[in-house]
Structure formats: structure tokens, C-alpha cells
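Student: Please take me slowly through a single part of this structure, the sheet, and then show me what lies beyond it. I would like one connected explanation that I can follow with the model open beside me.

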Amino acid sequence: MAQASDTDLGATKAAAGPAKPFSPEDDAYLREVLKRCSAPTYEAASQFRKTRNTEHLPAIVLGIIERYVEPDLRAKLKDPDDDLRLIEDLGIDSLTMMEIVILVEDVLQMSINNEELRHLRTLGDVKQFIDCKVRGLPLPQPTKFLPIEQIASVMPIQPPFLFLNEASVSSQGASAKYKISGQEFFLQGHFKDNPVMPASIMLEALGQLAVLFLLEGGAVEPGKVVNPQTIFFTSCEGVRCHRMCRPGDVLVLSIKPKRLKIPLATFEGAIRVGQDKAAIAEEITLTFGYAEAVAVEAGQAPAAAGEPATLPTAVNA
């Protein structure tokens, strides 16, 4: 988990060391190695080589990855999410990944150890890894992938009110999926002969993903962990619902921390179905507290009054 702060957690883009002279020969070489990439990829790479400004890195990384992705999958990169998986969603195998790495090394004038690539599984992993590598920062912790069994083992919320089938958690946020089976108890009356996922339950799922991030993203203070008995819902703002979700739909949820300063954690969240935006929440705020790591591991976490965090029922949008 990122260091607690009362400011936004977005990384500041800065120059990655002094810019080196960019000669006409350098430009010609850059055009040659990027000749099968889009024009914006070359422009971003050229600006980076001239200025070393890391704000150009995402465009470079996306452009190079797009070059190696099959044409029928490239649409996923037009408005990409950081939780896009390299293998499952973009069809990038280990050999293709090596081709991507070689081109990144040439364009950014850097060296990448093969061992450093083992834990890069999502688009967000790659972007964060390259950014840290270029700026000489400590490399990020790998994304954790959690099946439903592991999610249920750590969450204070349990079935049938747990709406995460699988999830991945990194230091930058979390993503998850939930398939609406049609057997959910609340669909029996929401609505008569017309089952629709309540908007309040979709927000509940985002809140649960935020809880999972707090529990699995890592403790802010050394020697401590987030105590699940201290996590409670506080508020939700800027909610918009864009489509109805029905049985058979797979909800793809994502949350990112905006502010983490004990006792409050604020996240932004979004849900999509396929390429369709289903719902967004500009701010979901939870309270949380710490416990000694040893005490929690021994099952001795201090008790806290109340119930685990759940979002309040709201009128369906």
C-alpha cells in the first residue's frame, strides 16, 4: 500500500535524469525501430528522448504493446484499463513479451533483467514497472491474484453477500469480477419478472473491493496490519449509473485509492460490462484502523464495535 497521505496518491511525473543530446541519427534510428508503431508512439518517444519527461511513458508503452497485439484485440487498448491482463486479455505470450521488452529497451535506452518480468501480469504492472525503472525508483510489488476461496478467507463479508468472484490487488488499486448468476436472493423481487442488479448492490461490490484492497494492499505502518473489524462504510459521492445489469452479465470492477490517512480511506471506483460503462463512484470513503501484525496472525485482533463495512441500501438507478 502506498504511504498514507492527505493528498492525492497519483505519482508526480518528473524528468528522469538529464536529457541526452538527440541527434538526427538518433531520430532516424527511432523512426526505424518504431516504423510499425503508430505515429503518436514515435512522437511520445521522441519527446521523451529529448526531455526525459516521464509523462510520455504511458503512450510509449501502450504504443509498443499495441504493435504486438493481434488486430482483433487492439480495440481493448483504445481506452485501456490498467487491469487488462497481458496473457488472458491481450494474448501476449512469453516470446511476444520478450519482443516487447527488447523494443522498450531500444526506445528508452535502458536494460531490463528477465527476472524482473516474472511478475508483470497486467497492463498496469508494465506501466508502473517501466516508470519506476526509468526514474530509478524501487520496483513495485507484484500484483496479487486472489480466487474466491482466498477472498472469502480474508474478507469480513461472506456469501451470500460477497460480490467478488475473483480479484487482483496491487499497490496502485484493485480489480475484480462478479458474474450475475440470476440466483441472487434479491433478484427474486428486483424486479417482478424482470431481474435487474440493484445499483446499491453494485456500489456494495465496489465497497467490498475497497475493503479487500485495505486488507491485501499492505499495511502503511511497519509491524501493523489493517484490522478487518475496524473497516466501516462512511460515505459515497458522485455516483452515476449508465446501464442496467442483468443475469449473465460479468461486472468488471476497479478501484483506486485517492487518499489514505488513518482513520479514513477514500477511493474512486468504476464498473463496466464488456466495453460498456455500467457505474462510477467518484468517492467511496471507509474508516479503518490497525492492529499489531503478530496479534492478527494469532487470531487476536482487537475487537471493534459494529458490523463490517457494507454500503447502505439505495434506490435503484
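Tutor: In this predicted model, we can begin in the sheet, where strand 3 (residues 173–179) and strand 6 (residues 250–261) pair in the antiparallel sense and are joined by six bridges. To find this pairing on your screen, look for Ser-175, which stands opposite Ser-254 in strand 6. Moving outwards from that pair, you will see that the sheet is an open one of seven strands, paired antiparallel, in the order 1-2-3-6-7-8-5. Strand 1 (144–147) and strand 5 (232–241) stand at the edges, and because each has a single partner strand, one side of each is left without a neighbour in the sheet. From one strand to the next, the twist averages 20 degrees.

Now follow strand 3 to its other neighbour, strand 2 (166–170), to which it is joined by five bridges, again with the two strands running antiparallel. Strand 2 and strand 3 form a hairpin, with two residues between them, and Ala-167 stands opposite Ala-176 in strand 3. Towards the edge, strand 2 is also joined to strand 1, by four bridges and in the antiparallel sense, and here Ala-167 is the bridge partner of Leu-146. Four of the five residues of strand 2 are buried, so this strand is largely enclosed by the rest of the structure.

Within strand 2, it is worth pausing at Ser-168, which has its place there. Its relative accessible area is 10%, and the cut-off for calling a residue buried is under 20%, so Ser-168 counts as buried. Its side chain makes a polar contact with the side chain of Ser-175, at 2.7 Å; Ser-175 is the residue that we met opposite Ser-254. Leaving aside residues up to four places away in sequence, Ser-168 touches Thr-143, Lys-144, Phe-145, Gly-173, Ala-174 and Ser-175.

The sheet also has a helix lying across it. Helix 7 (residues 199–216) lies across strands 1, 2, 3, 5, 6, 7 (264–273) and 8 (276–287), and runs at about 55 degrees to strand 6.

Beyond the sheet, turn to the helices earlier in the chain, beginning with helix 2 (residues 39–51), whose 13 residues reach 18 Å from the first C-alpha to the last, close to the 18 Å expected at 1.5 Å a residue. Among its buried residues are Tyr-42, Ala-45, Phe-48 and Arg-49, and the buried residues of helix 2 pack against helix 1 (24–33), helix 3 (57–68), helix 4 (94–108) and helix 5 (123–135). The axes of helix 1 and helix 2 come within 10 Å and cross at roughly 150 degrees, in a right-handed crossing. On the side of helix 1 the contact is made by Asp-26, Asp-27, Leu-30 and Arg-31, and on the side of helix 2 by Tyr-42, Ala-45, Ser-46 and Arg-49. After helix 2 comes Arg-52, whose phi is positive, near 65 degrees.

Helix 5, finally, is mostly covered, with 10 of its 13 residues buried; these include Val-126, Phe-129, Ile-130 and Cys-132. Its buried residues pack against helix 2, helix 3 and helix 4, and helix 5 is followed by Gly-136, whose phi is positive, near 70 degrees.

Methods: Residues are numbered from 1 along each chain as its sequence is written. This is a predicted model: local features need pLDDT of at least 70, side-chain atom pairs count only at pLDDT 80 or more; totals for chains, interfaces and linings use all residues. Side-chain values use heavy atoms; hydrogens and water are left out. Two strands pair if DSSP finds at least two bridges between them. Axes are lines fitted to C-alpha atoms, for helices over the stretch in contact, and angles run from 0 to 180 degrees between N-to-C directions. Contact means heavy atoms within 4.5 Å. The expected span of a helix is 1.5 Å times one less than its number of residues. Buried means under 20% relative accessible area, exposed over 50%, partly exposed in between (1.4 Å probe, protein chains only). A polar contact is a pair of N or O atoms within 3.5 Å; within protein, one must be able to donate a hydrogen and the other to accept it, and residues adjacent in sequence count only if both atoms are side-chain atoms. A crossing is left-handed if the near helix is turned anticlockwise from the far one by less than a right angle, and right-handed if clockwise.
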